[in-house]
Amino acid sequence: MKLDIITIFPRLVESGLGDGIVRRAVERGRVDARVWDLRDFTEDRHRSVDDVAFGGGPGMVLKPAPIFGAVDRIRRDRGEPSAVVLTSPQGRRFTQAEAQRLSGLAHLVFICGRYEGVDERVREHVATEELSIGDYVLTGGELAALVVCDAVIRLLPGAVGDERSIETESFNRGLLDYSQYTRPADFRGLKVPEVLLSGHHAAIRQWRRREAIRRTLERRPELLESASLDVEEQQLLREVLEERKGANDGDTRD
Ligand code: ADE
């Protein structure tokens, strides 16, 4: 996958790509990443990337010319991108499904939004989509672009050491992860659930599925509405709901 990131903080983005699984994916040639400094596409003496807003008001707006220039250059040097993503709080919400979709594309360009805004002509004529990583406002789109890149890159074949960890993980099937434990089995008197030490694989699998459902129900019940539960999981969900109902009835009696 080709990845081009346009930013006014190239060092921040480079450091975000320079470690861990992302770095490994780059070293293994799974990702061909380039970071572009927006200031290199300015034409004035001060290398200014922003200007005041027409119509007045506080805050500066990222100018169109450097961004158009950077994307033109990427087109010339690196070929036609599959998507040009603008990161901003106004974008569509980034989810695991979006990560899956982007991981199937050959060439992604990110424009990191900055300051109070980006000239609308960038949205209309350069970006092919706009993504937000959540309902909060960051100082700029760099961290958001890194979040998206991280989630996308780890899905590329060969990026993560053991691909089974992706297949079984949270969100893949619309549920939160079950609880995990490692050695020691008894840490300061805090014990690991007995079933996990039993070596009984079917029981372990069942316990984990139940835990995932219980957690999702407690923390993110809305996820269950769109989760793809199989027959066994639907039964587990009914059992967990019954258990909770029993516990609540107990509460009201006390
Ligand atoms: N830029 C600032 N805040 C953002 C957010 N929540 N998502 C994406 N880009 C952003």
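Here are some notes on the ligand site and the strands around it.

1. A word on the model before anything else. This is a predicted model, in which local features need pLDDT of at least 70, side-chain atom pairs count only at pLDDT 80 or more, and totals for chains, interfaces and linings use all residues. Residues are numbered from 1 along each chain as its sequence is written, and side-chain values use heavy atoms, with hydrogens and water left out.

2. Start with the ligand. There are 13 residues around it, where a residue is near if one of its heavy atoms lies within 4 Å. Those that come nearest are S88, I133, G134, Y136 and L138.

3. Now look at the backbone here. A nitrogen atom of the ligand sits 2.8 Å from a polar backbone atom of Y136. For G134, the distance from a polar backbone atom to a ligand nitrogen is 3.1 Å, and for a backbone N or O atom of I133 it is 3.0 Å. (A polar contact is a pair of N or O atoms within 3.5 Å.) On its own the ligand exposes 260 Å², and the protein buries 97% of that; accessible areas come from the Shrake-Rupley method with a 1.4 Å probe.

4. Which elements give two or more residues to the shell around the ligand? They are β5 (83–93) and β8 (129–132), strands being DSSP runs of E with at least two residues, and helices runs of H or I with at least four. β5 provides the largest share, three residues. By class, the shell has seven nonpolar, six polar and no charged residues; Asp, Glu, Lys and Arg count as charged, and Gly is among the polar ones.

5. β5 is worth following further. It pairs in the parallel sense with β6 (residues 107–112) over five bridges, and V84 stands opposite V109 in β6. (Two strands pair if DSSP finds at least two bridges between them.) Between β5 and β6 the chain passes through helix α4 (residues 96–103), and this β-α-β crossover is right-handed: with the strands pointing away from the viewer, the path from the first strand over the helix to the second runs clockwise.

6. β5 also runs parallel to β8, joined by five bridges. Here R92 stands opposite L131 in β8.

7. R92 has another partner in β8. E129 forms a salt bridge with R92, with the closest N and O atoms 3.2 Å apart; the term means a side-chain nitrogen of Lys or Arg within 4 Å of a carboxyl oxygen of Asp or Glu. The pair links distant parts of the chain, E129 and R92 being 37 residues apart. The whole structure has 26 salt bridges.

Definitions and conventions:
A polar contact is a pair of N or O atoms within 3.5 Å; within protein, one must be able to donate a hydrogen and the other to accept it, and residues adjacent in sequence count only if both atoms are side-chain atoms.
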